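Visitor: Could you take me through the nonpolar core of this chain, with a close look at how one part of it is packed?

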Amino acid sequence: VQLQASGGGLVQPGGSLRLSCAASGSVLSISTMGWYRQAPGKKRELVATIIRSGTTTYADSVKGRFTISVDNAKKTAYLQMNSLKPEDTAVYYCNAGVFESIRGSWGNYWGQGTLVTVSS
């Protein structure tokens with residue numbers, strides 16, 4: 001199973017970006033997908049998650065600005081980030097709980113990070 005994250009970049013404060021995370025490989029089912037971020041010198045923190053039912057959770061710092069969604073057919077999660085602030089600058093990682101068809105078991109997978117820089 002591979003998770004491919006994309007969409008990071010440089011944006012001015014107040015701007016928007018959309019991150020994507022595509023799952024591929026022997027994916028039979030996905031229970032949850034989420035985004036985490038790690039700023040320089042800080043621990044990795046939860047940004048947003050979405051479970052199969054569509055229930056979402058957000059860090060308080062991003063509520064009202066970020067929206068997580070998933071396209072189940074494409075096995076892809078998105079993170080729409082609006083009203084970006086300099087403190088949103090971090091490497092963003094996607095995460096998924098996946099039932100892998102070859103091993104016949106659930107596993108927790110991480111994608112490579114994508115850098116988001118919010119600066120004027």
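**A look into the core**

Guide: Happy to. With 120 residues, a compact globule would have a radius of gyration near 14 Å, and the chain's 14 Å agrees with that (taken over C-alpha atoms; the rule is 2.2 Å times the number of residues to the power 0.38). This is a predicted model, where local features need pLDDT of at least 70, side-chain atom pairs count only at pLDDT 80 or more, and totals for chains, interfaces and linings use all residues. Residues are numbered from 1 along each chain as its sequence is written, and side-chain values use heavy atoms, leaving out hydrogens and water.

The chain has eleven strands and zero helices (DSSP runs numbered from the N terminus: E of at least two residues for strands, H or I of at least four for helices). Buried residues, meaning those under 20% relative accessible area with a 1.4 Å probe and protein chains only, make up 41% of the chain.

Now to the core itself. The largest nonpolar core (buried Ala, Val, Leu, Ile, Met, Phe, Trp, Tyr and Cys joined through side-chain atoms within 4.5 Å) holds 32 residues, and Trp-35, Val-47, Phe-66, Leu-79, Met-81 and Tyr-92 touch the most other members. Elements giving two or more residues to this core include β4 (27-38), β5 (45-51), β7 (66-71) and β8 (76-81). The most comes from β9, with five residues.

Let's stop at Phe-66. Leaving aside neighbours within four places in sequence, Phe-66 is in contact (heavy atoms within 4.5 Å) with residues including Val-47, Leu-79, Met-81 and Tyr-92. Arg-37, Gln-80, Asn-82 and Asp-88 are also among the contacts of Phe-66.

Methods
Buried < 20%, exposed > 50% of the residue type's maximum accessible area, 1.4 Å probe, protein only.
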